[in-house]
Amino acid sequence: MDRIPSSPSDPSEDSLPVADKTSSVDLRKEQNLVTIEKEVEFRVDLYNRVVKTCFDKCIEKRYKESELYIGENSCVDRCVSKYSQVNNIIGQILASQRESM
Amino acid sequence: MDKNMLGDLDNLPEEDKMRMSTMIDQLQIRDSLRMYNSLVERCFTDCVDSFKRKTLDKQEETCIRRCAEKFLKHSMRVGMRFAELNQGAPTPD
């Protein structure tokens with residue numbers, strides 16, 4: 001695209017590509033949105049894995065009835081609790097690894 | 001995973017290099033997060049089998065730590081070999 005050279009003090013010049021008009025504030029906002037998006041993706045993925053894992057660990061596969069047994073209820077509660085602890089431990093390990101790099 | 005694994009970016013024109021670099025950074029972030037979640041799932045599945053209590057016992061905790069460290073070392077080794085293949089370097093027998 002042909003650009004007519006314009007002086008740096010005239011940012012409203014029409015010949016500038018649209019990208020140059022984006023202020024650094026907008027860029028930071030967009031980066032924040034990307035970060036939040038990644039965070040949400042991560043938590044959704046985590047949730048789905050907990051559901052899957054604790055189902056496999058706790059729920060009897062014979063499916064004699066559709067309600068959860070009391071034992072299964074407790075198991076699921078504890079499973080989620082333990083999974084969360086594992087999440088924290090591994091988070092620490094990865095963080096300290098990153099620091100030592 | 002690092003950029004060396006992806007082969008030669010140097011032959012691209014300058015503007016494409018920038019866009020590729022940004023894209024690769026974003027993919028790496030997503031890959032890191034995914035790896036984190038997979039690692040947690042794997043080590044939990046392999047190390048935790050009883051749910052009589054809601055907190056991890058010492059054995060489970062040790063198992064988890066070893067699992068994570070082992071996986072990371074394994075991952076680095078794979079990355080190393082992968083990069084070697086990409087660069088056409090000779091690999092050990």
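**Exercise 1. What pattern do the disulfides of chain A follow, with bonded cysteines counted along the chain?**

Before you start, keep in mind that this is a predicted model.

Step 1: Recall what you're looking for. A disulfide is a covalent bond between the sulfur atoms of two cysteines.

Step 2: Count the bonded cysteines along chain A and see who pairs with whom. You get the pattern 1-4, 2-3.

Step 3: Try chain B in the same spirit. Numbering its bonded cysteines in sequence order gives the pairing 1-4, 2-3. Over all chains, the structure holds 4 disulfides.

**Exercise 2. Take the disulfide of A:C54 and A:C79, and work out which parts of chain A the pair ties together.**

Step 1: Check the bond. The sulfur atoms of A:C54 and A:C79 are 1.9 Å apart, and the cut-off for a disulfide is within 2.5 Å.

Step 2: Look at the twist. The angle about the S-S bond is -85 degrees, and the link of A:C54 and A:C79 is left-handed.

Step 3: Place each end. A:C54 sits in helix 1 (residues 24-58) of chain A and A:C79 in helix 2 (residues 70-100) of chain A, so this pair ties together parts that lie 25 residues apart in sequence.

Step 4: Decide whether the ends are hidden. Buried means under 20% relative accessible area. A:C54 has 3%, so it counts as buried. A:C79 has 0%, so it's buried too.

**Exercise 3. Now go through two disulfides of chain B: B:C43 with B:C67, and B:C47 with B:C63. For each cysteine, say whether it is buried or partly exposed.**

Step 1: Start with B:C43 and B:C67. Their sulfur atoms are 1.9 Å apart, and with -80 degrees about the S-S bond the link is left-handed. B:C43 belongs to helix 1 of chain B and B:C67 to helix 2 of chain B, so the pair joins parts 24 residues apart in sequence.

Step 2: Check how hidden they are. B:C43 is buried at a relative accessible area of 0%, and B:C67 is buried at 15%.

Step 3: Move on to B:C47 and B:C63. Here the sulfur atoms are 1.9 Å apart, and the link is left-handed, with -70 degrees about the S-S bond. This pair links distant parts of the chain, with B:C47 in helix 1 of chain B and B:C63 in helix 2 of chain B, 16 residues apart.

Step 4: Use the cut-off again. B:C47 has a relative accessible area of 12%, so it's buried. B:C63 has 29%, so you call it partly exposed.

**Exercise 4. Describe the contact between chain B and chain A: how many residues does each chain give, and what is the side of chain B that touches chain A made of?**

Step 1: Count residues. Chain B gives 32 residues and chain A gives 26 residues.

Step 2: Put an area on it. About 2,800 Å² is buried between chain B and chain A, with carbon and sulfur atoms giving 66% of that.

Step 3: Look for polar links. Between the two chains there are 17 residue pairs in polar contact (both at pLDDT 80 or more). There are also 4 salt bridges. One of them joins B:E41 and A:R49, whose closest N and O atoms are 2.7 Å apart.

Step 4: Find the helices on chain B's side. Helix 1 (14-47) and helix 2 (58-86) of chain B each supply at least two residues. Helix 1 of chain B gives the most, with 15 residues.

Step 5: Sort chain B's side by class. You should end up with 15 nonpolar, 6 polar and 11 charged residues.

Terms used: Residues numbered from 1 in each chain as written. Chains lettered and ligands numbered in written order. Predicted model: local features only at pLDDT ≥ 70, side-chain atom pairs only at ≥ 80, totals over all residues. Heavy atoms only, no water. Contact = heavy atoms within 4.5 Å. Buried area = accessible area lost by both parts, 1.4 Å probe. Salt bridge = Lys/Arg side-chain N within 4 Å of Asp/Glu carboxyl O. Polar contact = N/O pair within 3.5 Å; in protein donor to acceptor, adjacent residues only side chain to side chain. Helix = DSSP H or I, 4+ residues; strand = E, 2+ residues; numbered from the N terminus. Nonpolar A, V, L, I, M, F, W, Y, C, P; charged D, E, K, R; others polar. Buried < 20%, exposed > 50% of the residue type's maximum accessible area, 1.4 Å probe, protein only.
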